[in-house]
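User: Hi! I am new to reading protein models, and I would like to learn how the words people use for them are justified. Could you take me through this one?

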Amino acid sequence: MKNIVLIVALLLFSFVNAQAFKGKGDQKFQVGANFQDEATGLNLTYDYGLGENFSIGLSSSYALGIDDVLADVTDFGDRFDLKARFNANLGNVINIDPNFDLYPGLSLSLKNFGGHLGARYFFSEGFGIYTEAAFPLAKYDDEVDLFYNQFTFNIGASFNL
């Protein structure tokens, strides 16, 4: 009986060959919640691998749940942000787990030039979770400190394409 359980376990684990970042040609899509001061929203991210340890992509966020005081004075432009991003995928460099990827990066958005630090973990070949913290390094307009021109936190699901 022990041998049967061992063989079944080995077969199951051999079929699960998830990898967080595969390198050139790798594509990731992420959807999650965005949290920041005075608002919560939706975050969508797409990354495309250009090399063994780096990727480029786009990230878009939209603030949905806004503090009542700010809800009347915000329009679509205040709520929406689009970013071009560059990631250094360090999962295979730090070698914690093949299913884990740590990725610091830089982004150029409609609101600012900023940085981010993210991590994702894949449970299977196609599905995982991610978390990401983003922060502005240079704001385009110092007068505006509404959404996305501050520290933001994202958490959600990650998919291999």
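**Reasons behind the words**

Analyst: Happy to! D47 is buried, and R85 is buried as well. Keep in mind that this model is predicted.

User: What makes D47 and R85 count as buried?

Analyst: The cut-off is a relative accessible area under 20%. Both D47 and R85 fall in that class.

User: Why is the contact between D47 and R85 called a salt bridge?

Analyst: The definition asks for a side-chain nitrogen of Lys or Arg within 4 Å of a carboxyl oxygen of Asp or Glu. For D47 and R85 the distance from N to O is 3.1 Å, so the pair qualifies. This pair links distant parts of the chain, with D47 in strand β2 (residues 39-49) and R85 in strand β4 (residues 80-88), 38 residues apart.

User: How do you know that D47 and R120 meet in a salt bridge?

Analyst: Use the cut-off of 4 Å again. The side chains of D47 and R120 come to 3.6 Å, N to O, so they pass. D47 sits in strand β2 and R120 in strand β6 (residues 112-122), so this salt bridge ties together parts that are 73 residues apart in sequence. Like D47, R120 is buried.

User: What other salt bridge does R120 form with its side chain?

Analyst: R120 also meets D101, at 3.5 Å from N to O. Here strand β6, with R120, is linked to strand β5, with D101, across 19 residues. Both R120 and D101 are buried.

User: Which residues are linked in a network of salt bridges?

Analyst: The network links D47, R85, D101, R120 and E132. In total, the structure holds five salt bridges.

User: Let us turn to the surface. Why is F35 called partly exposed?

Analyst: Buried means under 20% and exposed means over 50%, with partly exposed in between. F35 has 37% relative accessibility, so it counts as partly exposed. This residue lies in strand β1 (residues 27-36).

User: What makes F35 part of a nonpolar patch?

Analyst: A patch residue needs over 30% relative accessible area and no salt bridge, and nonpolar side chains are joined within 5 Å. At 37%, F35 clears the area cut-off. Its partners in the patch include L106, F135 and I155, and the patch has about 940 Å² of accessible area together. Strands β5 (100-109), β7 (127-139) and β8 (152-160) each supply at least two of its residues.

User: And how many helices and strands does the protein chain have?

Analyst: It has four helices and eight strands.

Technical notes
Residues are numbered from 1 along each chain as its sequence is written. This is a predicted model: local features need pLDDT of at least 70, side-chain atom pairs count only at pLDDT 80 or more; totals for chains, interfaces and linings use all residues. Side-chain values use heavy atoms; hydrogens and water are left out. Patches are made of residues with over 30% relative accessible area and no salt bridge: like charges are joined within 9 Å, nonpolar side chains (Val, Leu, Ile, Met, Phe, Trp, Tyr) within 5 Å. Accessible areas come from the Shrake-Rupley method with a 1.4 Å probe; for residues, only the protein chains shown count as cover. Buried means under 20% relative accessible area, exposed over 50%, partly exposed in between (1.4 Å probe, protein chains only).
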